[in-house]
Amino acid sequence: MVRGEKPRIVYWLDNSLYLNITNRCSNRCWFCIRNFKTGVGGFNLKLEREPTIDEVKAELEEALGLRRWSEVVFCGFGESTARLDVLLEVARWIRERCDGSIPIRVDTNGHGYVLNKGRNVAEELHDAGVRSVSVSLNGHDEESYAENCRPEFSGGFAAVLDFVKKAKKAGLDVEVSAVRMPEVNMEKVKAVAESLCVPLRIRDYIPCFW
Ligand code: SF4
C-alpha cells in the first residue's frame, strides 16, 4: 500500500489509523484544511465518490496487517456521522476483526443528531464498539460558532452541546477540541467545556489537521 494520487479511504499518521468515509460535512469552517489541501501526511483524501462498506473493509483489511495500530479513528475530509450506518457497520467489523483490542474513536463536528433525526446516535456508536468521541467546538456561543463554522442549519452550537451531553450519557469517553486561533475565545470555550464536565483539547492551527 503506497501513498500517492489515488484518493484514500484509509490513511495513517504515526500509529493511528484513520478512516475517511465521506467528504460531506454540515459545516463550512473557514479554517477547514479541505480549503487549503488535498490531504494529509501525503495521502489524498479528496474522494471521487463515497466508498461502499465493502470498499472500506477491503482497504482496512490491508492496512490492519501493516503494523500494530494504537487506535482507529473515523476522521477524514468530512463528517463521519453523515454516513452513520456505514460508520456503525465498519466499527462493528473492526471490533470483531480485532477482538476489541484496538480502541475506536470518532472525531466529529457534533451534528450527529441533526443529520440522523430519530436515531439514538451516541448509544448506537457505543453499542457498535466506539469507545470515545472528540467533538470539535470552535465557538463559545451560537454567534461565534456560526461565524467560525458556518453550519448549514441554525442552532449549530446547541446541537453540539446536545451531542456532548448525550455522548456522555451513553458511556462514551468525550472530549471537546478547539483550534487555537484569534477567532476562538479559548477561555470562553474552556468555560463551556467545564460546564459540560468534559476535557478540552486545544489544537494548534496549522493548516494540517482538524
Ligand atoms: S467540521 Fe471539520 S470537516 Fe467540517 S468544515 Fe469544519 S473543519 Fe472541515
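Let me begin with C197, which counts as exposed because 10 other C-beta atoms lie within 10 Å of its own. This is a predicted model, and everything I describe this morning should be heard with that in mind. C197 sits in the loop that runs between α7, residues 186-196, and β9, residues 200-204, and although C197 is not a glycine, it has a positive phi of about 60 degrees.

A second residue can be described in the same terms, and that is D99, in the loop between α2 and β6. D99 is likewise not a glycine, and it has a positive phi of about 50 degrees. D99 counts as exposed because it has 7 C-beta neighbours inside 10 Å.

Let me turn now to the strand that follows that loop, β6, which covers residues 104-108 and in which we find I104. Is I104 buried or exposed? I104 is buried, because 24 other C-beta atoms lie within 10 Å, where 20 or more are needed. Leaving aside residues up to four places away in sequence, I104 touches V72, A91, I94, G129, V130 and R131. From I104 to A128, which is 24 residues away in sequence, the distance between C-alpha atoms is 9.7 Å.

One of those contacts of I104 is R131, and R131 belongs to the loop between α4, residues 121-128, and β7, residues 132-136. R131 counts as partly exposed, because it has 19 C-beta neighbours inside 10 Å. Apart from residues up to four places away in sequence, R131 is in contact with P103, I104, R105 and D173. The C-alpha atoms of R131 and L172 are separated by 5.6 Å, although the two residues are 41 apart along the chain.

For another loop residue, please look at F153, which is placed between α5, residues 142-149, and α6. F153 counts as exposed, because it has 11 C-beta neighbours inside 10 Å. F153 and V121 are 32 residues apart in sequence, and their C-alpha atoms are 19 Å apart in space.

Next, the interior. How many residues does the largest nonpolar core have? That core has 52 residues, and the ones with the most contacts inside it are L19, V135 and V164. Helix α6, residues 156-169, gives the most to this core, with 6 residues. As a general background, in soluble globular proteins nonpolar side chains tend to be buried together. If we follow L19 outward, and again leave out residues up to four places away in sequence, L19 touches I9, V10, V56, V72, V73, F74, G76 and V90.

Two of the residues just named, V56 and V90, also take part in the meeting of two helices, where I53, V56, K57 and L64 in α1 are in contact with V86, E89, V90, W93 and R97 in α2. By class, the residues of this contact divide into 6 nonpolar, no polar and 3 charged. Helix α1, residues 53-64, and helix α2, residues 84-97, pack at an angle of about 35 degrees, and their axes are 10 Å apart. The crossing of these two helices, α1 and α2, is right-handed.

Finally, the ligand. Which residues come nearest to the ligand? Of the 12 residues around the ligand, the nearest are C25, N27, C29, C32 and N109. Taken by class, the shell around the ligand has 5 nonpolar, 4 polar and 3 charged residues.

Note on methods
Residues are numbered from 1 along each chain as its sequence is written. This is a predicted model: local features need pLDDT of at least 70, side-chain atom pairs count only at pLDDT 80 or more; totals for chains, interfaces and linings use all residues. A residue is near a molecule or strand if its C-beta atom, placed from the backbone, lies within 6 Å of it. Ala, Val, Leu, Ile, Met, Phe, Trp, Tyr, Cys and Pro count as nonpolar, Asp, Glu, Lys and Arg as charged, and the others, Gly among them, as polar. Axes are lines fitted to C-alpha atoms, for helices over the stretch in contact, and angles run from 0 to 180 degrees between N-to-C directions. Helices (H or I, at least four residues) and strands (E, at least two) are DSSP runs, numbered from the N terminus. A crossing is left-handed if the near helix is turned anticlockwise from the far one by less than a right angle, and right-handed if clockwise. Two residues are in contact if their C-beta atoms, placed from the backbone, lie within 7 Å. A nonpolar core is a set of buried Ala, Val, Leu, Ile, Met, Phe, Trp, Tyr and Cys residues joined through C-beta atoms within 7 Å. A residue is buried if 20 or more other C-beta atoms lie within 10 Å of its own, exposed if 12 or fewer, and partly exposed in between; C-beta atoms are placed from the backbone.
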